[in-house]
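Here are my comments on the model, set out as numbered points for discussion. Please read them with the sequence and the coordinates open.

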Amino acid sequence: MTTLSVVGVQINILLLLFIGLAVGILSGFVGVGGGYLVTPALIILGLPANLAVGTSMAWIVGNSIVGTLRHRQMGNIDMKLGLVIIAGTMCGVELGVRLLNWTKGMGFTDVAVLSTLVVILVTIGAYTFREVQSRKAQLDEALKNKDKLPPAMRLPLMARKLQGLNIPPVIHFAKSKITISLWLILAISFVTGILAGFVGVGGGFIMMPSLIYLIGLPSFMAVGTDIFQIIFSASFGCIRHAMSGNVVILIAFIMLISSSIGTQFGALITQYVRGIAMRYVLIVSTLLCVLGSILKLINLLLPVPLPWLQKCAVGITFGGIALVVIIVIALFIMAIRYRRGQHIPAWVVSLVAKGD
Amino acid sequence: MTKRKKDAIWVVVLAIIACLIVWHVAYWHSIGMYLKMFDWIGTDRTYVVVLYNLGLMLGMGSVLGFLMGKITDLIGYEVRQIKHFEEEKTDGRK
């Protein structure tokens, strides 16, 4: 009754619902597509790799629409900026896929992809961690002094420099209050697209920090705008996979039903926390993605793959989903307690937002 | 008609549409129709498979998105716009 037979594989429907719900919460809160978690999870459940990739891509299409509708209501999406980003990203993804095919011809695809993914994510994660730690120290300091408000978040150094470059046409984005050269946005999204197309999964982990630190978007506007642009990039991927017969629509549907609830929850929590809390969760998610990739890379480089290493990667995938969801729910509970005037640990105060 | 009643009607209508789509997908899966579509891959009917999959996900995503929005309205939860450019300010509380 609770199992589903797909291409000769029995898949537990309750597990599919759980994965959808958990990844939905993460996607709605952090703004990533969630393919890096759903694809390995489906493979672990027994679905062949090609079907797992295609099905997760189809699921991302539906889930990102749900997220977009909610984030739009909360004023988290800069549509104009999103459309420019989509143009750059799509061209970049195509080049990234071609680059991937080229490495396939050279015979070192998996190692090249995983090494690139690890290097990029470690760099991004380290930079984000440094910035977030420094910002938190600043907020904590300000909270010690009741009367003094800290300055509104300063534009990251890199974004300030890029916005200062006057290469026509320079466009003003009223919603996100940034004025930047069109060519710079196209270049940033193009390079991000190449990386996303080349590494296949984890595009959101590259796009989100790019939006915050290079383009200068506020954290939650980056979440909404990223989810909006994912609709188009995932649709493109879905078309490619549907043409190859890699989509099992029923599995994508089952996950979409529960993820639509999770995404609502994740998106609504953004009302209760500061941008810095989202960036912390992004760091944890990035770290989990890096750990899983490193284990896979080690297994690939070994002459004989180690089964226990594979099991560790599985544990990190499922444990990671659970851990991130627990962190997000804990933040929500803390925020509610703070608004009610109840006690919360001092180090969490700078992560939650005040109520109006 | 009050806003609450309108929201309730929207919830019922969208829930029925969502259920019909789910029933269609489950039914086609159970009778093996979806597997037959796999045979169309590589033929001149590949575009039908692409449109079917993409259309269903876009449609279901939109229906569920609007449904969740209307449910939120119905239960009276107020979704506020986030003040992005004041997000890092504190309220002076310890």
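1. I begin with a local feature of this predicted model: Lys177(A) sits in the loop between S3 and strand S4 (178–181) of chain A, and its phi is near 55°, a positive value in a residue other than glycine. Lys177(A) counts as partly exposed, because it has 14 C-beta neighbours inside 10 Å, where 20 or more would be needed for a buried residue.

2. A second backbone feature is the cis peptide bond that joins Pro168(A) and Pro169(A), with omega at about 0°. Pro169(A) belongs to the loop between helix H6 (157–164) and strand S3 (170–173) of chain A.

3. The largest nonpolar core has 121 residues, and the members that touch the most others are Ala252(A), Val273(A) and Leu331(A). Helix H9 (residues 219–243) of chain A supplies the largest share of this core, namely twelve residues. Leaving aside residues up to four places away in sequence, Leu331(A) touches Ile269(A), Val273(A), Ala277(A), Leu351(A) and Val352(A). In soluble globular proteins, nonpolar side chains tend to be buried together.

4. H9(A) merits a check of its geometry: its 25 residues should span 36 Å at 1.5 Å a residue, and its end C-alpha atoms are 36 Å apart, which agrees. There is nevertheless a bend of about 25° at Ile230(A). Because 20 of its 25 residues are buried, H9(A) is largely enclosed by the rest of the structure. Gly245(A), which follows H9(A), has a positive phi, near 70°.

5. Helix H3 (residues 49–73) of chain A can be described along similar lines, since its 25 residues reach 36 Å from the first C-alpha to the last, close to the 36 Å expected at 1.5 Å a residue. H3(A) is mostly covered, with 21 of its 25 residues buried, and just after H3(A) comes Gly75(A), which takes a positive phi of about 75°.

6. On confidence, the model scores ipTM 0.86 and pTM 0.85. Chain B averages a pLDDT of 83, and 86% of its residues score at least 70. Among the elements of chain B, helix H1 (residues 3–30) has the highest mean pLDDT (92) and helix H2 (residues 33–38) the lowest (82). Over residues 87–94 of chain B the pLDDT is below 50, although this stretch has 23 contacts in the model beyond near neighbours in sequence. Where pLDDT is low, the predicted coordinates should not be read in detail.

Definitions and conventions. Residues are numbered from 1 along each chain as its sequence is written. Chains are lettered from A and ligands numbered from 1 in the order in which they are written. This is a predicted model: local features need pLDDT of at least 70, side-chain atom pairs count only at pLDDT 80 or more; totals for chains, interfaces and linings use all residues. A nonpolar core is a set of buried Ala, Val, Leu, Ile, Met, Phe, Trp, Tyr and Cys residues joined through C-beta atoms within 7 Å. A residue is buried if 20 or more other C-beta atoms lie within 10 Å of its own, exposed if 12 or fewer, and partly exposed in between; C-beta atoms are placed from the backbone. Helices (H or I, at least four residues) and strands (E, at least two) are DSSP runs, numbered from the N terminus. Two residues are in contact if their C-beta atoms, placed from the backbone, lie within 7 Å. The expected span of a helix is 1.5 Å times one less than its number of residues. The bend at a residue is the angle between axes fitted to the seven residues ending there and the seven starting there. pLDDT is the predictor's confidence in each residue, from 0 to 100.
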